[in-house]
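Opening a fresh page for this one. I'll jot down what I look up as I go.

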Amino acid sequence: MARIIPVLALILAVATARVTRSESPKEVLAQINKDSFGNSILSVLQLQLATGGPVGEIQILLNNIASQLNGDQKKADKVHESDTVAFEKIIADLEQEIAYHQTQIVALSNLRDSTTEALGEAEVEVRVVTSDIANNEKSFADEQATRNSQHETWVRKDAEHVDQIDAIDEASKIVQHLQAGVAFAQLKSRFEKVQAKLMESKHALFKPLINALTQLASKVDNKSIIKILELLAQIRQQLVASRASLLATEEKQAANWEVQSGHLQEEHKRLVERKAFLENSIVQFKVTIQEAVEDLEDQTLFLEDAEDSLAIQERWAAEQEAQYEAQTFEREQQLEVVERLQEVLTQKVSAASEFLQIREEVF
């Protein structure tokens, strides 16, 4: 039995020998004999037969070889099945990872593009708002200047009215003193000052009064005095009414300016706040774009790595599958050789013995 054990390795070595069922035992043995390893096996068989060893021991050995080949195939099938499950899990994980990175790339690209568009719109709007602020401030300054001018005009005209009313009141006192019998010479100085002040105003309203006072200076009579007092009263009434009208206009203009300036200030506040919001948004948009670009670069690298890993796994799986199929095919061929040898040795021992005898004589 010990002499037959080396046959195991030799038979496995020649397992790839191809034969057909239609060939005769001698032809089968002749094909095996052509292979160096097959030649060695046949030499062992020849020695076994020459020494009188039973063919049954060789048959047992061939059965063990067939059993081992079937066992190896079952193990290979189990490993192949396990590897296939593991490979499919790896492939599914990689495909899921690739899909995730692709989704992230699309989302980040959209975020970058939409934010870039928003940034452009914000930059345009901030320029418009800046211009609006400048226009608002100019409008406020212009309206403020107009309002100041209106107020200054009112102050000046109101002061003129006060002076004119004072002059009318002074003239009334002088005329009343004349009416009371005071000599004109005593009132001349005051009279001339009032007359000069009324003449300085160059108001058309004072022209009849100035003429009447001039006449009164040359001739004082009660009738002229009464007429002048009535004229002074009328003029004073008109001046008071005019001053009141100016004051009403001033108050109305002041009220209008208060409303207008309030609107301008509110608009200015809104524009300033809008500009601040836009400027802050621009900063945030730039940060978002930068982060999106960086994340996009990372996701692109991750995607490339995942795709490379998938390609490597697919190549590995293809290699493993090819190896499994080659080994399976090889075992099938080995089993076929074993079956042919068993057939030759069990059913046609005389042919084998005859071939081995001829082999000894010829080879």
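Before anything else, I pin down a term: a residue is partly exposed when its relative accessible area falls between the buried limit, under 20%, and the exposed limit, over 50%. I also remind myself that this is a predicted model.

**Entry 1: the fold.** I looked up the secondary structure and got 8 helices and 0 strands. Read along the sequence, the pattern is α-α-α-α-α-α-α-α. Of the 363 residues in the protein, 30% are buried. I then checked the contacts with a separation of 6 or more, and 84% of them join residues 24 or more positions apart. The exposed surface comes to about 22200 Å², with 54% of it supplied by carbon and sulfur atoms.

**Entry 2: the aromatic pair.** How many aromatic pairs does the count come to? I get 1. The partners are F140 and W257, and their ring centres sit 5.4 Å apart with the planes at 50 degrees, so I log the pair as tilted. For that label I needed the angle limits: under 30 degrees is stacked and over 60 is edge-to-face. F140 belongs to helix α4 and W257 to helix α7, so the pair ties together parts that are 117 residues apart in sequence.

Next I asked how covered each partner is. F140 has a relative accessible area of 24%, so I put it down as partly exposed. W257 comes out at 11%, which makes it buried.

**Entry 3: the nonpolar core.** I pulled up the largest nonpolar core and found 20 residues in it. Those with the most contacts inside this core are I168, L198, L209, L213, I228 and L232. The elements giving two or more residues to the core are α4 (55-179), α5 (184-201), α6 (207-218) and α7 (222-347). The largest share, 7 residues, comes from α4.

I picked L209 for a closer look. Not counting residues up to four places away in sequence, L209 touches I168, L198, I228, L231, L232 and I235.

**Entry 4: T115.** Back to helix α4, where T115 is found. Is T115 buried or exposed? Its relative accessible area is 7%, so T115 is buried. A polar atom of the T115 side chain lies 2.6 Å from the backbone oxygen of L111. Setting aside neighbours within four places in sequence, I find T115 in contact with F285, T288 and I289.

How values were computed: Residues numbered from 1 in each chain as written. Predicted model: local features only at pLDDT ≥ 70, side-chain atom pairs only at ≥ 80, totals over all residues. Heavy atoms only, no water. Core = buried A, V, L, I, M, F, W, Y, C linked by side-chain atoms within 4.5 Å. Buried < 20%, exposed > 50% of the residue type's maximum accessible area, 1.4 Å probe, protein only. Helix = DSSP H or I, 4+ residues; strand = E, 2+ residues; numbered from the N terminus. Contact = heavy atoms within 4.5 Å. Areas by Shrake-Rupley, 256 points an atom, 1.4 Å probe, with all protein chains shown as cover. Phe/Tyr/Trp six-rings, centres within 6.5 Å; stacked < 30°, edge-to-face > 60°. Polar contact = N/O pair within 3.5 Å; in protein donor to acceptor, adjacent residues only side chain to side chain.
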